[in-house]
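This report describes selected surface features of one protein model. Please keep the sequence and the structure in view while reading.

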Amino acid sequence: HHNRKIGKISRKKGENGRVGVELSGGEALAVRRENLELMPAEKKAKVEAEPQSRTLKREDVILREFDGSHDPDLLVLYYHLRDCSFDGFNASEYNVQMLRYYDSGMSLVCVVPRSIGNTQYFLVCLRHKDDDQNTLCELSFQCMRQFVGVSMLVKRRCFVCNKPGAPMCACQCACFCSKDCQGRAA
């Protein structure tokens with residue numbers, strides 16, 4: 001069932017004279033020499049130029065943990081692509097990050113309502129103007145959406161006093177329970 005798959009010879013030797021081969025997904029095999037075929041240089045260059053595929057896996061533990069926290073410093077959930085891990089922002093960190101995204105050529109594409117149990121959230125989805133800068137979004141996938149770009153899951157809580165169920169402001173990317181709270185945030 002591994003016929004026609006592409007891999008690289010690894011340093012690890014297989015037993016009984018077999019050759020260690022690492023497939024692109026990270027799986028290691030021990031293959032008999034007569035079952036290996038050398039890839040022509042031009043095909044190798046084409047394969048290496050293709051973007052690496054990523055397999056996403058739904059892990060609702062992260063979303064449940066985020067949903068269960070009432071800590072005002074955990075207002076926004078995002079996926080840090082470089083570190084391959086989820087992390088959280090408080091309101092001021094989220095604001096700074098949104099400005100960084102805008103400065104780097106990203107723009108708001110959509111804001112999508114989401115819920116976990118009875119708790120309301122919104123998914124803020126941004127995309128870079130250069131399509132090559134966008135990847136399949138891990139967080140959107142966890143939230144049962146397919147999106148290419150960056151997204152952040154935001155709790156529907158006041159960004160100042162942390163009151164649940166606060167309405168969204170005109171920008172659709174933040175929530176404030178009153179004009180007083182909105183004024184204090186500015």
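Which element gives the largest share of the lining of the second largest pocket? That share, 3 residues, comes from strand β4. The model is predicted, and local features need pLDDT of at least 70, side-chain atom pairs count only at pLDDT 80 or more, and totals for chains, interfaces and linings use all residues. Residues are numbered from 1 along each chain as its sequence is written, and side-chain values use heavy atoms, with hydrogens and water left out.

The second largest pocket has a volume of about 430 Å³. A pocket is an open set of points on a 1 Å grid where a 1.4 Å probe fits, with protein on both sides within 12 Å along at least five of seven lines; lining residues have an atom within 4 Å of a point. Of the 20 lining residues, Y79, H80, L81, Y101 and V150 lie nearest the centre of this pocket. The elements giving two or more residues to the lining are β4 (76–80), α3 (91–103) and β8 (150–155). Helices (H or I, at least four residues) and strands (E, at least two) are DSSP runs, numbered from the N terminus. By class, the lining contains 9 nonpolar, 8 polar and 3 charged residues.

Two residues may be set side by side by location and accessibility.

| Residue | Location | Relative accessible area |
|---|---|---|
| L99 | helix α3 | 45%, partly exposed |
| G165 | loop between β8 and α5 (179–185) | 56%, exposed |

Here exposed means over 50% relative accessible area, buried under 20%, and partly exposed in between (1.4 Å probe, protein chains only). The C-alpha atoms of G165 and T119 are separated by 8.4 Å, with their positions 46 residues apart along the chain counted as the separation.

Technical notes
Grid points are joined across faces, edges and corners, and a volume is the space filled by probe spheres set on the points. Ala, Val, Leu, Ile, Met, Phe, Trp, Tyr, Cys and Pro count as nonpolar, Asp, Glu, Lys and Arg as charged, and the others, Gly among them, as polar.
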